Amino acid sequence: MLLGLFMCGAAAAQVSARDGYLGLQLKRSDFRIPCGSVAFPCDAGSTFPLYSGALLARPVGVELGALQLRDGRLNGTTVGVVGRARMAPEFGVYGRLGTTFVRAPTSVLGAGVDPGAGVSYGVGLSWDFSPSASAILGWDSYDLRFASGERDTVRSTSLGLQWRY
């Protein structure tokens, strides 16, 4: 996490206008591990994670974000490299590859998540509806390691807004 903060700070110090961004997403996730009554209830909730990034050398940048899954019961941080490409003047695509650091506030009967790192990646579409704002539609995948020793891939879809500065 500290490496990610350092990378984003170093990138922000070297970027020009409109190369840094801040985003907010409405995210819904899908787990393969079954729900439980205490640790992972089956409530179909949504979360609103916040993230920030900066382009280092067009079209590649770094991104640091907060992560909440399973109705906010799993919290973490994502650090990754992002690549962007324009498909039309107002439309673009992006891809993200990085690491996810996840922790659960409680662990009940082995149903919690071990603190640790996992691989994360995602793809998405963006629509620049103004010079400083975009709408984002994305799909992400997170590799999590559970206390039982089982690994789970959590898939997430998101809809969000991104502001460039």
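Is Asp140 buried or exposed? Hold on to that one for a moment, everybody, and welcome. What you see above is a predicted model, and I'd like to walk you through its salt bridges and its empty spaces.

Here is the answer: Asp140 is buried, because its relative accessible area is 1%, and buried means under 20%. So what does a charged side chain do in there? Let's start with the general idea. Side chains of opposite charge can pair when their charged atoms come close.

In this model, the partner of Asp140 is Arg96, and their closest N and O atoms are 2.7 Å apart, which makes a salt bridge. The two come from distant parts of the chain: Arg96 sits in strand E5 and Asp140 in strand E7, 44 residues apart.

Now, Arg96 has another partner too. Glu63 forms a salt bridge with Arg96, and here the closest N and O atoms are 2.9 Å apart. Glu63 belongs to strand E3 and Arg96 to strand E5, so this pair ties together parts that are 33 residues apart in sequence. Put those pairs together and you have a network of salt bridges linking Glu63, Arg96 and Asp140.

How buried are the other two members? Glu63 has a relative accessible area of 6%, so it is buried. Arg96 comes out at 16%, and it counts as buried as well.

How many salt bridges are there in total? The count comes to 5. One more that I'd like to show you joins the side chains of Arg86 and Asp128, at 2.5 Å from N to O. Arg86 is in strand E4 and Asp128 in strand E6, so the pair ties together parts that are 42 residues apart in sequence. Asp128 is buried, because its relative accessibility is 13%.

Let's turn to the empty spaces. A search of the whole structure finds 2 cavities of 30 Å³ or more. The largest cavity holds about 160 Å³ of space. It is lined by 16 residues, and the closest to its centre are Lys27, Glu63, Thr78, Arg96 and Tyr142. You'll recognise Glu63 and Arg96 from the salt-bridge network.

Which strand gives the largest share of that lining? That is E3, with 5 residues. The elements giving two or more residues to the lining of this cavity are E1, E3, E6 and E7. By class, the lining of the largest cavity divides into 7 nonpolar, 5 polar and 4 charged residues.

Next comes the largest pocket, with about 280 Å³ of space. Its lining has 17 residues, and Leu55, Arg58, Arg84, Arg86 and Arg164 lie nearest its centre. Arg86 is the residue we met in the salt bridge with Asp128. Strands E1, E4, E5, E6 and E8 each give two or more residues to the lining of the largest pocket, and E4 gives the largest share, 3 residues. If you sort the pocket lining by class, you get 5 nonpolar, 5 polar and 7 charged residues.

One last stop, on strand E8, where you can find Thr153. Is Thr153 buried, partly exposed or exposed? At 32% relative accessibility, Thr153 is partly exposed, because that class runs between 20% and 50%. Its C-alpha atom is 9.4 Å from that of Val119, and the two residues are 34 apart along the chain.

To finish, go back to Asp140 in the structure above: it is buried, and from there you can trace the network through Arg96 to Glu63. Thanks for listening!

How values were computed
Residues are numbered from 1 along each chain as its sequence is written. This is a predicted model: local features need pLDDT of at least 70, side-chain atom pairs count only at pLDDT 80 or more; totals for chains, interfaces and linings use all residues. Side-chain values use heavy atoms; hydrogens and water are left out. On a 1 Å grid over the protein atoms alone, a cavity is a set of points where a 1.4 Å probe fits but cannot get out, and a pocket is an open set with protein on both sides within 12 Å along at least five of seven lines; lining residues have an atom within 4 Å of a point. Grid points are joined across faces, edges and corners, and a volume is the space filled by probe spheres set on the points. Helices (H or I, at least four residues) and strands (E, at least two) are DSSP runs, numbered from the N terminus. Ala, Val, Leu, Ile, Met, Phe, Trp, Tyr, Cys and Pro count as nonpolar, Asp, Glu, Lys and Arg as charged, and the others, Gly among them, as polar. Buried means under 20% relative accessible area, exposed over 50%, partly exposed in between (1.4 Å probe, protein chains only). A salt bridge is a side-chain nitrogen of Lys or Arg within 4 Å of a carboxyl oxygen of Asp or Glu.
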